[in-house]
Amino acid sequence: MEKISEAFRKQREHHPEIKRTTAEERIEKIRRLRDAMLEKAPQLREAIYADYRKSPAEIDLTEIFPVVAEANHAIRNLKKWMRSSRVSTPKTLLGTSSEIRYEPKGVVLVIGPWNYPFSLVINPLISAIAAGNCVAIKPSELTANTSAFLKGFLEKLFDPREVAVFEGDATVTTRLLAEPFDHIFFTGSPRVGKIVMEAAAKHLSSVTLELGGKSPAILDSSADLRKAADRLVVGKFINAGQTCVAPDYVYVPASLGQAFLGELKSSIARHYGETEDARKKSPDLCRVINGRNFERIKKLVDESVARGARVVVGGVFDAAERYIAPTVLSDVKLDTPIMSEEIFGPVLPVLAYDDLSQVYRHLRSQGAEKPLALYIFSENARTTEDILANTTAGGTCVNQAILHLANPNLPFGGTGYSGVGNYHGLFGFKAFSHERAVLRQGRFDAFKMLNAPYTPKVVKMIERVTRFLA
Ligand code: NAD
């Protein structure tokens with residue numbers, strides 16, 4: 001506790017210096033961070049592989065590449081983002097000028113998850129540095145090797161008065177949350193998101209909550225089944241389904257159900273191997289993070305099968321290796337646990353529908369549990385619009401899955417149950433900034449005419465101005 005309080009106090013004291021840094025100085029730090037990561041890529045790959053046997057290619061694609069993209073985008077645009085922006089002046093404020101200035105929030109806390117243990121800590125860190133903050137980082141304890149890597153890596157790059165890493169489990173997070181941070185950026189489950197928000201309320205700290213939930217995919221009758229299958233298979237089985245925006249389940253028109261299941265089967269074979277045996281040996285399928293999650297996912301499948309679901313592909317479980325084969329289920333009942341809990345594993349339920357209104361009713365029945373993502377597969381512009389208009393989600397891809405998070409010009413975040421706020425690119429810079437309103441009074445002061453004492457002449461003037469405004 002002492003250590004955390006002391007580190008927090010030091011960052012607070014140091015922050016005025018960081019606040020005054022120029023765009024060039026911040027860009028230099030981001031560049032150094034990016035280059036050091038590329039230099040240490042072999043050690044990073046080793047750490048993540050040791051945590052859950054993720055393939056080096058997938059580590060490059062999902063951990064290193066997104067950080068390079070985010071860093072480069074900030075390097076290119078930070079000068080523009082930091083510039084204060086002038087806003088227009090209403091006639092009633094004649095004689096004044098106004099601008100918005102971006103100030104750092106101050107000392108901020110970044111709490112990371114285990115599923116992309118590096119990029120989901122480093123990308124918020126890039127935004128926080130770009131905005132001029134001091135940062136405390138708490139990586140996930142479930143990916144202990146990556147957590148240790150992060151600590152060593154960041155300690156070499158930064159003065160702890162600017163960036164400090166605190167390793168450990170929930171007890172460490174609880175201690176950190178007791179400090180009055182100016183902003184808390186949390187990525188993780190909705191359950192812990194609520195704990196974070198409650199702790200933040202004690203200090204009125206602002207929060208960004210990047211949470212999860214069940215992200216549906218909807219195919220309509222015009223969808224290109226093969227392309228949809230390929231994109232859903234990649235979106236689902238990358239990182240063994242342990243992706244916040246992974247398509248959780250798929251809705252498909254009943255008349256196309258069998259054909260689509262066939263496409264999913266061949267797509268799995270094309271991507272990960274022809275047979276169950278080949279897939280188990282594939283270096284491209286990582287493992288489930290721990291025994292608890294392995295048992296949780298297995299139970300979801302077992303319960304569904306006991307209630308009549310059919311295993312179309314997969315259904316192979318190896319507890320010793322924490323391996324779950326890419327699995328597709330059909331005939332899943334809506335009232336089974338797999339349809340109410342985020343699956344967060346390599347299992348894809350396929351649901352049949354006759355009419356889109358059924359799909360909308362089902363999605364609305366989830367009330368506040370709005371999804372982080374919703375995917376639409378359709379070749380029909382009108383149906384696409386209809387689905388967009390009748391649903392909501394943090395983000396959506398049309399005829400694609402998960403890729404919306406790769407465009408830094410798009411905000412990334414949830415809505416309701418799937419999160420509060422957003423980040424990436426300018427949105428990340430803003431998440432860690434305070435928009436300070438500055439009005440400057442010039443020589444001519446029109447407002448003076450409306451000041452007390454409210455003589456009949458002033459009252460008339462106020463009336464006239466009000467009428468003029470109406
Ligand atoms: P988690 O909520 O279990 O853990 C996240 C962090 O919170 C960890 O650092 C952990 O140490 C800490 N923590 C755990 N219990 C705590 C407690 N009681 N008090 C205080 N801190 C606590 O999440 P996870 O299992 O690491 O990640 C999986 C979840 O994260 C999924 O729901 C997934 O959808 C979501 N997620 C969301 C995004 C996004 O960008 N929106 C990205 C990745 C993961």
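**The ligand and its surroundings**

The ligand sits in the largest pocket, where sitting means that more than half of its atoms lie within 2 Å of the grid points, a pocket being an open set on a 1 Å grid, probed at 1.4 Å, with protein on both sides within 12 Å along at least five of seven lines. The model is predicted, so local features need pLDDT of at least 70 and side-chain atom pairs pLDDT 80 or more, whereas totals for chains, interfaces and linings use all residues. Numbering starts from 1 along each chain as its sequence is written, and side-chain values use heavy atoms, without hydrogens or water.

Student: Why does the ligand lie between domain 1 and domain 2?

Tutor: Domain 1 covers 2-211 + 422-434, and domain 2 covers 216-408. The ligand lies between them because residues of its shell are given by both domain 1 and domain 2.

Student: Of the residues around the ligand, which come nearest?

Tutor: The ligand has 27 residues around it, each with a heavy atom within 4 Å. Those that come nearest are Trp114, Glu141, Ser189, Leu211 and Glu342.

Student: How far is an N or O atom in the side chain of Glu342 from an oxygen atom of the ligand?

Tutor: Backbone N or O atoms of Gly112 and Gly188 lie 2.8 Å and 3.1 Å, respectively, from an oxygen atom of the ligand. For the side chain of Glu342, the distance from an N or O atom to a ligand oxygen is 2.6 Å.

Student: How much of the area that the ligand exposes alone does the protein bury?

Tutor: Taken alone, the ligand exposes 850 Å², computed by the Shrake-Rupley method with a 1.4 Å probe. Of that area, the protein buries 90%.

Conventions. A polar contact is a pair of N or O atoms within 3.5 Å; within protein, one must be able to donate a hydrogen and the other to accept it, and residues adjacent in sequence count only if both atoms are side-chain atoms. On a 1 Å grid over the protein atoms alone, a cavity is a set of points where a 1.4 Å probe fits but cannot get out, and a pocket is an open set with protein on both sides within 12 Å along at least five of seven lines; lining residues have an atom within 4 Å of a point. Domain bounds come from an automatic or database domain assignment.
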